[in-house]
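Trainee: Got a minute? I'd like a quick tour of this one.
Mentor: Sure, let's open it up.

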Amino acid sequence: MAFDGIVIASLVKEFNETIQNGRISKIAQPEKDELLLTIKGAKGQARLVLSASASLPLVYLTDKNKPSPMTAPNFCMLLRKHIANGKITRISQPQMERIIQFEIEHLDDLGDLRHKQLIVEIMGKHSNIIFCDEGGKIIDSIKHISAQVSSVREVLPGREYFIPKTQHKSNPLEAGQASFLETVCEKPLPAAKAIYSAFTGISPTIASEICFRASVDGERPIAALSEDERLHLYHHFAWMMEDVQKGQFTPSIIRRQKEPVEFSALELKQYADYETDSYPSISTVLETFFAARSSYTRIRQKSADLRKIVSTVLDRSRKKYDLQQKQLKDTEKREKYKVYGELIHTYGYGLPEGSKTLEALDYYTGKMVSVPLDPQLTPQENAKKYFSRYGKLKRTYEALTGLIEETKEEILHLESISTSLDIAVSEADLGQIKEELVRFGYIKKKHAGKKEKIKSKPFHYISSDGFHMYVGKNNFQNEELTFKFASGNDWWFHAKGIPGSHVVVKTNGEELPDRTFEEAGQLAAFYSKGRENEKVEIDYLERKHVKKPNGSKPGFVVYYTNYSLVASPDISAIPLAEP
């Protein structure tokens, strides 16, 4: 997820094709470190987002508007004064740096033609938007950087603008074979790191991609490569830079099971096993990727409290289960004490007073046993003592057997809720999980106002053969899906012996093809606790054979006859139905 020089180069190409020679009709500053420019050109209106956020600096074109503060900040007012209705005459990227320079032509107060530069630096926490005059002097910036903050460069009104050369990297577009071998192959570093530490604009992801294309392990020391391997590495580097120079970009998002994990302006062959979505522009990639990542991050953050509650109760239940099992093991002596009492009753009448043991034949096993005795007690009192121990342990065993079953059910229930949290994709999904936790007493119920109806629906997929497949996101949905939505002849799937979603395939009275069985099995594998495994065993049967025990927790079912298949938890080829 690197906003590197190649992504910048792709943006510059896109901007030159869309907004060059366009006029800036509106300037807004919706956030303290973000600008939104509305530009009208020959191809219509476009909005340009320029963000210098320390956590997520971005530059892209969008068709979406953002609300702005009632009073415009000073930097926004300054830009309106100077370049409102200005014409963007040139858009460039210096030396493959993560910098975009917009040259803007406008008329000053006297009607004279002037030129200004709006410079966007995308450099992580050092990102900035800087406004300069035609002589390269800083008029103002969205962030002021004084000498106390940076010893490398001040960014203040009146200072000369320059690009600090702090890392002594070379421009990859100017690197020939000799300079590549000299700058890269002499570094005492792994191959991938040697590449991205030698050139501007090359991210670790792109460096790894170059190594992958050259069939070189990026973790191998560059010094350990043979001469042929080094030349092969250079050739793939050169071919990639040639694509950049020619503007041959292929904007895409790499997804793992629907979750976006990487974006790029060039094809990433190292992710061949992942799903790749191609887009017409790098702006669309950036907007889509970060919106999706933001959604995933937001859901994870919102589910953190629920996860903590479930994790705490689950740990407590597991400790309780282990203790109960240990106590149950201690009750295994109960039958021995019963036998001891019976043997004393049978053979103890002739024991001398003060005896410490009774040697007797155990008529259950046919073996001689030695029964310990308390010499202070009579044989009858010793027998009573053993029967008392037996009775106590028997009662403990009977009580523990029920308690252990309850604790085991609770653990399975909590594990199923934990799995539901893993697959939740919306706040409505989390709402249903929270409702379940409240119902079973894990969260205190709040009596506040009218209860809002939570709207969350199961996942809906279409099989390759056109059959509708539904996946419950939580226990309430599993219950609804299996016992209210599904018909008796529909097919039901679930991961064997582990928490997971109920998967229902609607048959509409038709016979399912083998491929649909396989795809439903993949869904059941992915939406289960075993989703990180290579293969997951799946039980499947007709819905009419699935039963719910009386008084059991939501989502809990039993069945006695079923078929089995082994499925891969890979659902990248199974399309979600349109909502």
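**A quick tour**

Mentor: At 52% relative accessibility, Asn85 counts as exposed (over 50% relative accessible area is exposed, under 20% buried, in between partly exposed; 1.4 Å probe, protein chains only).

Trainee: Before we go on, what kind of model is this?
Mentor: This is a predicted model, where local features need pLDDT of at least 70, side-chain atom pairs count only at pLDDT 80 or more, and totals for chains, interfaces and linings use all residues. Residues are numbered from 1 along each chain as its sequence is written, and side-chain values use heavy atoms, with hydrogens and water left out.

Trainee: Back to Asn85. Where is the place of Asn85?
Mentor: Asn85 is in the loop between helix H2 (74-83) and strand S5 (87-92). Helices (H or I, at least four residues) and strands (E, at least two) are DSSP runs, numbered from the N terminus.

Trainee: And what is the phi of Asn85?
Mentor: Near 70 degrees, a positive value in a residue other than glycine. Most residues other than glycine have a negative phi.

Trainee: What about Met96, what is its phi?
Mentor: The phi of Met96 is positive too, near 60 degrees. Met96 sits in the loop between S5 and strand S6 (99-107).

Trainee: Is Met96 buried or exposed?
Mentor: Met96 is buried, because its relative accessible area is 3%.

Trainee: New topic. How many disulfides does the structure hold?
Mentor: Zero. A disulfide is a pair of cysteine sulfur atoms within 2.5 Å.

Trainee: Why is there no bond for Cys76?
Mentor: The closest cysteine sulfur, in Cys132, is 18 Å from the sulfur of Cys76, so that is too far for a bond. Cys76 is also buried, at 0% relative accessibility.

Trainee: And how far away is the nearest cysteine sulfur for Cys185?
Mentor: It belongs to Cys211 and is 10 Å away; Cys185 is in no disulfide. Cys185 has a relative accessible area of 6%, so it is buried.

Trainee: Now helices. At what angle do H9 and H10 pack?
Mentor: About 165 degrees, with the axes of helix H9 (residues 379-423) and helix H10 (residues 427-439) 10 Å apart. Axes are lines fitted to C-alpha atoms, for helices over the stretch in contact, and angles run from 0 to 180 degrees between N-to-C directions.

Trainee: So are H9 and H10 roughly parallel or antiparallel?
Mentor: Roughly antiparallel. Angles over 145 degrees count as that, under 35 as roughly parallel, 65 to 115 as roughly perpendicular and the rest as oblique.

Trainee: Which residues meet there?
Mentor: His413, Ile417, Ser420 and Leu421 in H9 meet Leu430, Ile433, Glu436 and Leu437 in H10. Contact means heavy atoms within 4.5 Å. The residues of this contact are five nonpolar, two polar and one charged. Ala, Val, Leu, Ile, Met, Phe, Trp, Tyr, Cys and Pro count as nonpolar, Asp, Glu, Lys and Arg as charged, and the others, Gly among them, as polar.

Trainee: How do H7 and H10 cross?
Mentor: At roughly 10 degrees, and the axes of helix H7 (residues 282-330) and H10 come within 10 Å. That makes H7 roughly parallel to H10. From H7, the contact includes Arg298, Ile299 and Leu306; from H10, Glu427 and Lys434 are among them. The residues of the contact of H7 with H10 divide into five nonpolar, one polar and four charged.

Trainee: Last one. Where is Leu189 found?
Mentor: In the loop between helix H3 (177-184) and helix H4 (191-196). Leu189 is partly exposed, at 23% relative accessibility.
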